[in-house]
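Please open the structure in the viewer and keep the sequence panel in view. The tour below proposes a series of selections and describes what each one shows.

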Amino acid sequence: MVTLVLAFLVAPVLIVVVESFNGVDYLAFPLEGWSLRHYERFLGDASWLEATALSARIALVASAVATVVGTAAAWGLARFAGRGRSAAFALLYSPIVVPVIVLAMSYYFLFADLRLIGRWAAIAVAYSVMGVPYVLVSVTGALQRLDPELENAARTLGAGIARTLLRVTLPQLASAVLAGALFAFVIAFDEAVVILFVSGGDSVTLARKLWDSVRYDLTPTLAVAGTVLICVCVALFLLSEAAGALLGRRERR
Amino acid sequence: MTTRTPAPGPPRGGPGGERRRRGRPRLRRPAFAAVALGLPVAVMLAVYAWPVGAMLVRSVTEPEPGLSNLVRAVTDPTILHVLWVTVRMAAEVAVVSVLLGFPVAYFLATSPPRRARVLLLLVVIPFWTSVLVRSFAWIVLLGDGGLVTRLLHPLTGDGRGLLYGEGAVVVALTHILLPFPVLIIKAALDRIDGSLTRAARTLGAGPLRAFALVYLPLAAPATAGGGVLVFVIGLGFYVTPALVGGPKESTIAVVIARSVQETFDWGMAATLATLLLLLAVGLALAVRRLTAVKGAVAP
């Protein structure tokens with residue numbers, strides 16, 4: 001029973017990868033012959049490559065913004081005890097709860113009013129909002145395990161507040177910050193709902209192009225694009241696990 | 001971070017009053033913490049709360065001020081039908097996900113740690129894979145001539161696929177959302193003290209009885225929490241119903257998208273979005289209560 005459920009979870013992902021090596025020009029499973037022709041097509045098609053590059057650029061910016069905002073917020077929440085703390089937490093955490101279609105509409109209206117539809121930087125900012133809660137949760141967890149007396153010790157020894165944070169606090173949070181940043185990157189890299197509303201034909205990300213392709217032509221080139229998405233996300237996941245293990249070991253010392 | 005599930009509540013701790021009295025306040029300078037928190041809050045107000053708030057306002061101002069959209073939403077039979085279909089499919093997905101997810105979580109929680117880590121990858125890797133790609137996989141599998149269609153051929157007797165039907169949406173959505181209950185339930189089962197069931201056994205309970213009366217009640221809140229979470233996410237899902245479902249499987253999200261992009265009925269779209277948002281936030285708060293400490297929502 002458990003084996004069946006695990007197979008149910010993994011098989012569709014594997015099938016996309018297998019399908020990308022299809023030997024014919026239509027979707028067929030089981031495969032009718034193996035070939036790399038769809039990889040050649042993908043790599044020879046500037047529009048797929050541009051879409052991949054655009055996704056990466058947007059995701060990088062979104063992840064950077066989310067990481068800075070989320071990390072600062074997590075530290076602030078851990079050290080601030082004044083009024084409005086729960087309200088601040090609710091605001092920072094809530095994007096995880098809000099249905100993506102609601103966010104998509106909100107940004108569509110906002111971008112339409114401000115003439116920002118199709119501007120990649122604006123899309124990146126919208127995506128960073130979706131990444132903030134993950135960074136916040138990840139860094140907050142690490143802060144709870146941190147001994148606050150270390151900060152006090154550094155301050156007593158004469159370090160300024162900026163220096164304390166940079167040299168004492170941040171290094172101990174490194175793996176949590178990295179995990180949050182990677183997750184924020186992945187969310188932005190394969191986001192597929194908001195982009196349908198705000199890409200405006202100018203900012204065709206990989207997910208947007210995939211969506212159009214699934215809707216209108218369903219070719220095996222799609223499977224190649226899907227495989228690229230799978231590989232990027234799984235590679236980042238393994239990276240975050242490895243980095244977490246490595247940095248975690250260093251932090252414990 | 002995927003295997004951890006940190007707390008969704010505000011982190012505890014903050015300047016301790018006692019400590020402040022004892023010595024000079026060092027780093028715990030409230031002003032600096034207030035800035036560290038205030039700047040992110042300001043950013044989020046500007047790029048998140050403002051657009052969402054403005055969108056919500058549209059539900060009562062467009063096309064004219066008043067509650068006309070809401071009245072239309074709860075009286076129009078087409079929209080009521082869409083609401084019903086959405087709730088029904090989300091509930092089906094939630095029930096199936098919990099029924100499939102619990103045994104897996106139990107198996108992972110009771111496996112030796114090393115094996116559990118490897119098997120956990122099989123849950124987490126699909127979880128990290130794009131929803132779009134996973135929906136596409138189901139189009140391949142469930143379409144005419146797809147693998148599942150062929151395997152089911154002796155049962156169904158025809159070569160027509162399940163694609164573009166409610167069955168397809170439920171199967172694909174279950175596949176996409178199943179990792180949530182598995183990870184949440186597993187996190188809860190990991191914390192259950194094994195000596196409790198052993199004690200029940202020692203006191204004369206059979207294995208089934210010990211499981212049903214001791215283990216299950218301890219696992220119940222997280223299991224329910226996982227189910228509600230799947231239900232909430234399922235309610236607002238757009239990509240999968242739009243790609244794998246047919247016109248009869250239009251969900252709230254699909255209708256919202258159509259109202260925005262095709263019929264330009266922005267007031268109605270905003271009203272449906274408001275209803276969806278209220279439902280999601282209300283249920284998310286319920287999940288938080290059910291799962292008490294752990295951050296069910298964070299993958």
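The tour begins with one whole chain, continues with two helix pairs, and ends at the contact between chains. The model is a predicted one.

**Stop 1: chain A as a whole.** Select chain A and display its backbone as a cartoon. Chain A contains 11 helices and 0 strands, so that the order of elements from the N terminus reads α-α-α-α-α-α-α-α-α-α-α. Along the principal axes, the C-alpha atoms of chain A fill a box of roughly 70 × 50 × 35 Å. Of the 253 residues in chain A, 53% are buried. Contacts in chain A between residues at least 6 apart in sequence may also be considered: 77% of them join residues at least 24 apart.

**Stop 2: helices H3 and H6 of chain A.** Select residues 46-79 of chain A, which form helix H3(A), and add residues 120-144, which form helix H6(A). The axes of H3(A) and H6(A) lie 5 Å apart, at an angle of about 40 degrees. The two helices, H3(A) and H6(A), are therefore oblique to each other. Their crossing is right-handed. The residues in the contact of H3(A) with H6(A) comprise 23 nonpolar, 7 polar and 1 charged.

**Stop 3: helices H6 and H8 of chain A.** Retain H6(A) and select residues 161-189 of chain A, helix H8(A). How are H6(A) and H8(A) oriented to each other? Their packing angle is about 160 degrees, with the axes 8 Å apart. Angles over 145 degrees count as roughly antiparallel, and H6(A) and H8(A) are therefore roughly antiparallel to each other. H6(A) passes H8(A) in a right-handed crossing. Now show side chains. On the H6(A) side, the residues in contact include Tyr127(A), Met130(A), Gly131(A), Tyr134(A) and Val135(A); among those they meet on the H8(A) side are Leu173(A), Ala176(A), Phe183(A) and Ile187(A). This contact of H6(A) with H8(A) consists of 16 nonpolar, 4 polar and no charged residues.

**Stop 4: the contact between chains A and B.** Finally, display both chains, coloured separately. The contact draws 77 residues from chain B and 83 residues from chain A. Which elements of chain B give two or more residues to the side that touches chain A? They are helices H2 (30-61), H4 (77-110), H5 (113-128), H6 (131-142), H12 (239-244), H13 (252-261) and H14 (266-290) of chain B. Select H2(B) in particular: H2(B) supplies the largest share of this side, 19 residues. Colouring by residue class shows that the side of chain B touching chain A divides into 63 nonpolar, 9 polar and 5 charged residues.

Technical notes:
Residues numbered from 1 in each chain as written. Chains lettered and ligands numbered in written order. Predicted model: local features only at pLDDT ≥ 70, side-chain atom pairs only at ≥ 80, totals over all residues. Axes fitted to C-alpha atoms, helices over the stretch in contact; angles between N-to-C directions. Helix = DSSP H or I, 4+ residues; strand = E, 2+ residues; numbered from the N terminus. Parallel < 35°, antiparallel > 145°, perpendicular 65-115°, else oblique. Left-handed = near helix turned anticlockwise from the far one by under 90°. Contact = placed C-beta atoms within 7 Å. Nonpolar A, V, L, I, M, F, W, Y, C, P; charged D, E, K, R; others polar. Buried ≥ 20, exposed ≤ 12 C-beta atoms within 10 Å, placed from the backbone.
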